[in-house]
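Reader: I would like to go through this model by question and answer. Please show the sequence and the structure before we begin.

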Amino acid sequence: MLSGAPVLSGAIGEYREFNPPAALEGHFQCVWSNTLRPDAGSLSAVVPDGCVDITWIDGDLVVAGPDVAVALSTLTPGSTVIGARFRPGAASRWLGPPMSEIVGGRVALSHFLGALAREIAQRIGDASSTAERVRAMQAALSRLAPDVEPPPPDMGFVFNALKTESAGPGMAVILDRLDVSPRTLRRRCQEAFGYGPKTLDRILRFQRFLGLVRQSAEPRLADLAFEAGYSDQAHLTREVRRLSGFSPATVLRQLGA
């Protein structure tokens, strides 16, 4: 049962990212760990980021599908979550179905990989430290990687283009560079990300806002709205509430800005 006030997942512990080994570079952006503080609240708020992860939580391997709204989960204070974040378009190559089928879902990896997923979870659980568990996850995925086709580069281009520039100029560049129709782009994005390019753009603009919050010494919401690509502060407030469930002021406070 969910209890207590939710806290952004990036504000409840020590989050670290690691470059994937060579065997996984074409499939995963990173491997990561998040060790929750012993005094952290148990209710974690995971906000949309345009990505799909395999996560190891309390002994189970779970696929965190693409989110379009905040996902709340109960975690044990002091515990460590580890994960592997797919590159754009890679998740469906590993898991099978288009990502539109698991939007907003948390699905056991065994649903896709069967008993093999349970064996991998056991190996990770047998490790005695976070570093060893990360290595166990990397090793297990590296053994599978040769049999998985790398993701198409076009979805990586879409993700990176919208990550740095909002829809409008960014979308025009994407359609021109890929030489596809808006309808085709939408279909490809739904397969890779779970939703169309307009939703991906909204999510990545929100992530730009979060990045600016972390980098700013004395952030002002009006300035953050402009730098992130929102039309004004009111637009920022609506979108932050819609995607995270928090007010921008609460986001600033939780992230220590």
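Reader: Which residue in β8 stands opposite Cys-30?

Author: The model is a predicted one. Strand β3 covers residues 28-36, and β3 runs antiparallel to β8, joined by seven bridges. Within β8, the residue opposite Cys-30 is Arg-85.

Reader: In β8, which residue is the bridge partner of Asp-53?

Author: β5 and β8 pair in the antiparallel sense, over four bridges. β5 spans residues 53-57, and β8 spans residues 80-86. The bridge partner of Asp-53 in β8 is Arg-85.

Reader: What is the order of the strands in the open sheet of six?

Author: β3 is joined to β8 by seven bridges, and β8 pairs with β5 over four. On the other side of β3, six bridges join it to β2. The pairing in the sheet is antiparallel, and the full order is β2-β3-β8-β5-β6-β9.

Reader: Which strands stand at the edges of this sheet, and why is one side of each left without a neighbour?

Author: The six strands form an open sheet. Neighbouring strands in the sheet are turned against each other by 25° on average, direction ignored. Each edge strand has a single partner strand, so one of its sides has no neighbour in the sheet; these strands are β2 (13-18) and β9 (106-108).

Reader: Which residue of β3 is the bridge partner of Tyr-15?

Author: β2 and β3 run antiparallel and are joined by six bridges. Tyr-15 bridges to a residue of β3, namely Asn-34.

Reader: How many of the residues of β8 are buried?

Author: Thr-80, Ile-82, Ala-84 and Phe-86 point one way from the strand, Val-81, Gly-83 and Arg-85 point the other way, and all are buried. β8 is therefore largely enclosed by the rest of the structure, and the count of buried residues is seven of seven.

Reader: At about what angle does helix α4 run to β8?

Author: Two helices can be described against the sheet strands. Helix α3 (residues 115-126) lies across β5, β6 and β8, and runs at about 115° to β6. Helix α4 (residues 130-144) lies across β2, β3, β5, β6 and β8, and its angle to β8 is about 30°.

Reader: Leaving aside neighbours within four places in sequence, which residues is Leu-144 in contact with?

Author: Leu-144 is found in helix α4. Its C-alpha atom is separated by 17 Å from that of Gly-89, which is 55 residues away along the chain. With neighbours within four places left aside, the contacts of Leu-144 are Trp-94, Leu-113, Leu-116 and Ile-120.

Reader: Which helix gives the most to the lining of the largest pocket?

Author: The largest pocket has a volume of about 1,300 Å³ and is lined by 42 residues. Ser-9, Tyr-15, Val-46, Asp-49 and Arg-85 lie nearest its centre. By class, the lining divides into 21 nonpolar, 11 polar and 10 charged residues. With six residues, the helix that gives the most is α8 (residues 197-215).

Reader: About how much space lies in the largest cavity?

Author: The structure holds one cavity of 30 Å³ or more. Residues that line the largest cavity include Gln-29, Cys-51, Phe-86, Arg-87 and Phe-193, and by class its lining has eight nonpolar, three polar and one charged residues. The space in the largest cavity is about 60 Å³.

Reader: Is Glu-239 buried or exposed?

Author: Glu-239 is found in helix α10 (residues 233-244). Beyond its neighbours within four places in sequence, Glu-239 is in contact with Arg-202, Arg-205 and Tyr-230. Its relative accessibility is 6%, and the cut-off for the buried class is under 20%. Glu-239 therefore counts as buried.

Reader: What is the relative accessible area of Asp-179?

Author: Asp-58, in the loop between β5 and β6 (60-64), has a positive phi of about 50° although it is not a glycine. Asp-179 also has a positive phi, near 55°, and is found in the loop between α6 (169-178) and α7 (182-193). Asp-179 is exposed, and its relative accessible area is 69%.

How values were computed:
Residues numbered from 1 in each chain as written. Predicted model: local features only at pLDDT ≥ 70, side-chain atom pairs only at ≥ 80, totals over all residues. Heavy atoms only, no water. 1 Å grid on protein atoms, 1.4 Å probe; cavity = no way out; pocket = protein on both sides within 12 Å on 5 of 7 lines; lining within 4 Å. Points joined across faces, edges and corners; volume = space filled by probe spheres on them. Nonpolar A, V, L, I, M, F, W, Y, C, P; charged D, E, K, R; others polar. Buried < 20%, exposed > 50% of the residue type's maximum accessible area, 1.4 Å probe, protein only. Pairing = 2+ DSSP bridges. Axes fitted to C-alpha atoms, helices over the stretch in contact; angles between N-to-C directions. Contact = heavy atoms within 4.5 Å.
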